[in-house]
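Student: I have a protein on my screen and I'd like to go through it. Can you walk me through what has been computed?
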Amino acid sequence: MNIRAVVRAVARLVRAAPSPAAALRAVRASGSACPMGIGNGKTALPGWYRPVGASCPRSCPYLDAGCYAQSGHVDLCQRRAPLGHEPAIRSFAVTALVARRWYGAPARMAVSGDIARDGVCDHELCEKLCRAARATGIGGVLAYGYTHCTDAPIADLRSAGIVLLRSDVCAPGGAIVCEHDRVPELRRASGVRVVACPAQREGSAVTCRVCKVCRESYERELCVAFAPHGVNKRRVLAWKGM
């Protein structure tokens with residue numbers, strides 16, 4: 001796969017498209033791609049989906065144990081998602097370019113699934129994603145997401161404009177599942193600057209499009225706490241002892 005050529009072809013389709021949804025449709029129609037969308041009320045950002053299980057590391061504790069991506073609309077999308085590198089690169093490129101052009105923000109990286117293959121981090125995919133990010137030529141943060149891969153090349157990805165928070169790690173650049181009323185207690189006990197996801201706060205009008213907490217978590221030394229959500233919420237609360 002000629003990554004630069006792939007990104008250039010995707011970029012031409014994005015420039016010719018009259019809307020974000022039209023750009024995603026054009027890329028899907030022109031070749032292999034993962035399921036993609038322009039976001040929901042919480043994210044308000046385009047994103048793409050990878051298959052749960054096949055792209056997840058063995059270390060993920062949520063797989064078949066309350067994973068939010070194994071229910072509802074996200075589950076329907078991830079079940080149709082291919083595992084291959086080319087669909088991932090094309091989907092990453094179009095959502096990143098669309099997010100920058102129409103939203104002025106980064107795209108959501110792998111709404112479902114992860115960056116693994118055969119239970120371990122797919123370093124070849126990560127290297128290709130870095131090359132694709134640089135091939136866009138637009139700089140800055142292009143996409144953000146979360147990973148359970150303990151050996152993910154976080155620094156390399158960040159240098160290319162892809163920010164992946166470390167899931168279930170209570171540390172700067174980490175993302176944890178925690179009821180928001182427990183955040184102050186956790187902050188005191190850990191000494192880490194844990195912040196509740198602003199978009200999840202009751203009555204909040206904040207969306208991921210305008211919020212910069214996740215994408216700036218490393219620079220600001222923040223750990224983001226997400227309250228359990230989805231139809232499997234009670235299941236997650238039970239095994240986490242919340």
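Tutor: We will go from the whole chain down to a few aromatic rings. This is a predicted model, where local features need pLDDT of at least 70 and side-chain atom pairs count only at pLDDT 80 or more, while totals for chains, interfaces and linings use all residues. Residues are numbered from 1 along each chain as its sequence is written, and side-chain values use heavy atoms, leaving out hydrogens and water.

Student: OK, how many helices and strands are there in the protein chain?
Tutor: The protein chain has 8 helices and 10 strands. These are DSSP runs, numbered from the N terminus: H or I over at least four residues for helices, E over at least two for strands.

Student: What does the radius of gyration say?
Tutor: The protein chain has 17 Å, which agrees with a compact globule, because 242 residues would then give a value near 18 Å. The radius is taken over C-alpha atoms, and the globule rule is 2.2 Å times the number of residues to the power 0.38. Along its principal axes, the C-alpha trace spans about 50 × 35 × 30 Å.

Student: And what share of the residues is buried?
Tutor: 54% of the 242 residues. Buried means under 20% relative accessible area, exposed over 50%, and partly exposed in between, with a 1.4 Å probe and protein chains only.

Student: What about contacts between residues far apart in the chain?
Tutor: Among contacts with a separation of 6 or more, 72% are between residues 24 or more positions apart. A contact means heavy atoms within 4.5 Å.

Student: New topic: how many aromatic pairs turn up?
Tutor: A search of the whole structure finds 2. Rings of Phe, Tyr and Trp (its six-membered ring) pair if their centres lie within 6.5 Å; planes under 30 degrees apart are stacked, over 60 edge-to-face, and the rest tilted. Y144 and Y146 have ring centres 6.3 Å apart and planes at 85°, so they are edge-to-face.

Student: Is Y146 buried or exposed?
Tutor: Y146 counts as buried, at 18% relative accessibility. Y146 also pairs edge-to-face with F226, at 5.5 Å centre to centre and 85° between the planes.

Student: Where do those two sit?
Tutor: Y146 is in strand β6 (residues 143-147) and F226 in strand β10 (residues 222-226), so the pair links parts of the chain 80 residues apart.

Student: And the other two, Y144 and F226, buried or exposed?
Tutor: Y144 is buried at 3% relative accessible area, and F226 is buried at 15%. Ring pairs link Y144, Y146 and F226 into a cluster.
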